[in-house]
Amino acid sequence: MEVLDFFGGGVVVKDKEYGLVSMLRGHPLGEIAVPSGRLLVADAYSYEGPAIEVPAGRHTVTFAASEMDAGHDGCGLMIRVRPGKIVRWRRRGVIGVDGAMIAIGDADAKVPHAKLEFENALGAARVGTRVAVASVGSDGGYVLRAGLDSRERIAVLAVLTRDPRALVPWRKTPGFDPTDLDSCLAWARKVGGDDALVAPGKTDVATLRAIRKIPTDLRRYYQTHDAGDLASFRAIVERNSLGRALPVRVNGDDAMVHLDEQDRVVEFYEGSMLGMSLDLRAWLVLSSIATFDLQ
């Protein structure tokens with residue numbers, strides 16, 4: 001894999017050593033301000049180390065995640081400080097992490113420790129206007145790479161907790177685009193057959209995506225659900241005008257999900273080891289792989 005693959009729209013990969021399949025992709029965190037023209041990539045708690053000169057201004061930060069059926073692992077942060085094509089990568093040292101959290105920000109900024117305990121299912125966010133932080137799962141020393149443009153200027157800085165050489169594109173069941181929801185839907189239906197995770201005619205994905213705030217009675221049903229009590233579920237669906245969006249089927253009709261404002265799955269029940277931070281297209285692909293043992 002290439003460094004930029006970690007921060008793109010999505011590619012399904014397999015770990016060479018452990019054989020695990022995941023979706024590797026980036027999540028934009030927005031822009032941070034670097035008025036000093038000096039950037040720091042460091043452990044979020046100590047936030048110290050050599051600064052790197054970059055253009056002063058506002059720059060976009062992206063968080064990389066290796067997403068799996070049971071959740072995701074943060075595996076990198078990247079900041080783009082110049083537009084244009086990356087011609088080559090150069091090693092810029094090792095970032096020591098002693099709090100399982102990496103920060104990228106203006107060298108003159110401060111990182112208040114209290115704000116590092118943010119409740120964010122993604123595990124990454126901007127802290128103030130000049131720093132972005134990300135949880136990366138474990139401590140260690142991680143290589144910082146500089147992406148250089150054709151004039152040998154730094155265009156990108158990226159730190160990864162996974163070796164790109166340890167991952168390969170997953171080709172077990174080709175034929176879908178993991179960056180496109182419709183393609184993921186069609187693929188999940190095809191590989192699932194009668195047990196498709198999203199059942200044509202039974203799961204209205206458009207309505208599912210429109211449901212944002214879960215009604216109180218539906219939330220209570222999720223918490224106390226009896227797998228055989230679908231009559232109560234259907235009554236709740238009708239009472240709240242939820243259409244035919246739920247349930248999404250996973251190994252039967254007794255697994256329900258709903259989505260938050262970012263299309264991330266936030267509830268689950270029996271039938272899947274579904275994680276708490278996957279959006280709909282990632283959930284379709286990764287749950288299909290796990291449910292039908294496609295690894």
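**View 1. Aspartate 15 and the residues it touches.** In this predicted model, aspartate 15 touches Leu20, Arg162, Ala166 and Leu167, leaving aside residues up to four places away in sequence. Its place is in strand β1, which spans residues 11-15. Is aspartate 15 buried or exposed? With a relative accessibility of 9%, under the 20% cut-off, aspartate 15 counts as buried.

**View 2. Polar partners of the aspartate 15 side chain.** Zoom in on the side chain of aspartate 15 and you'll find a polar contact with the side chain of arginine 162, at 2.6 Å. Arginine 162 also turns up among the residues that aspartate 15 touches. There's a backbone partner to look at as well: the nitrogen of glutamate 17 sits 2.8 Å from a polar atom of the aspartate 15 side chain.

**View 3. Strand β1 next to strand β2.** Here β1 runs antiparallel to β2 (residues 21-34), and the two pair over four bridges. Look for lysine 14, which stands opposite valine 21 of β2.

**View 4. The eight-stranded sheet.** Pull back a little and β1 and β2 become part of an open sheet of eight strands, ordered β7-β11-β12-β6-β5-β2-β1-β13, with antiparallel pairing. At the edges are β7 (88-97) and β13 (167-169), each of them pairing on one side only. From one strand to the next, the twist averages 30°.

**View 5. Helix α5 over the sheet.** Which strands does helix α5 lie across? The helix, residues 280-291, lies across β1, β2 and β5 (57-68). Relative to β2, helix α5 runs at about 155°.

**View 6. Two nonpolar cores.** The largest nonpolar core is made up of 29 residues, and those with the most contacts inside it are Leu29, Phe63, Leu77, Ile79, Ile102, Leu157 and Val159. Strand β11 (residues 140-148) supplies the largest share of this core, with four residues. Another core lies apart from it and has 19 residues, including Leu278, Trp283, Leu284 and Val285.

**View 7. Confidence along the chain.** The mean pLDDT of the chain is 82, with 75% of the residues reaching 70 or more. Residues 269-275 are a place to go easy: the pLDDT there is below 50, although the stretch has 25 contacts in the model beyond near neighbours in sequence. Predicted coordinates shouldn't be read in detail where pLDDT is low.

Key: Residues are numbered from 1 along each chain as its sequence is written. This is a predicted model: local features need pLDDT of at least 70, side-chain atom pairs count only at pLDDT 80 or more; totals for chains, interfaces and linings use all residues. Side-chain values use heavy atoms; hydrogens and water are left out. A nonpolar core is a set of buried Ala, Val, Leu, Ile, Met, Phe, Trp, Tyr and Cys residues joined through side-chain atoms within 4.5 Å. Buried means under 20% relative accessible area, exposed over 50%, partly exposed in between (1.4 Å probe, protein chains only). A polar contact is a pair of N or O atoms within 3.5 Å; within protein, one must be able to donate a hydrogen and the other to accept it, and residues adjacent in sequence count only if both atoms are side-chain atoms. Contact means heavy atoms within 4.5 Å. pLDDT is the predictor's confidence in each residue, from 0 to 100. Two strands pair if DSSP finds at least two bridges between them. Axes are lines fitted to C-alpha atoms, for helices over the stretch in contact, and angles run from 0 to 180 degrees between N-to-C directions.
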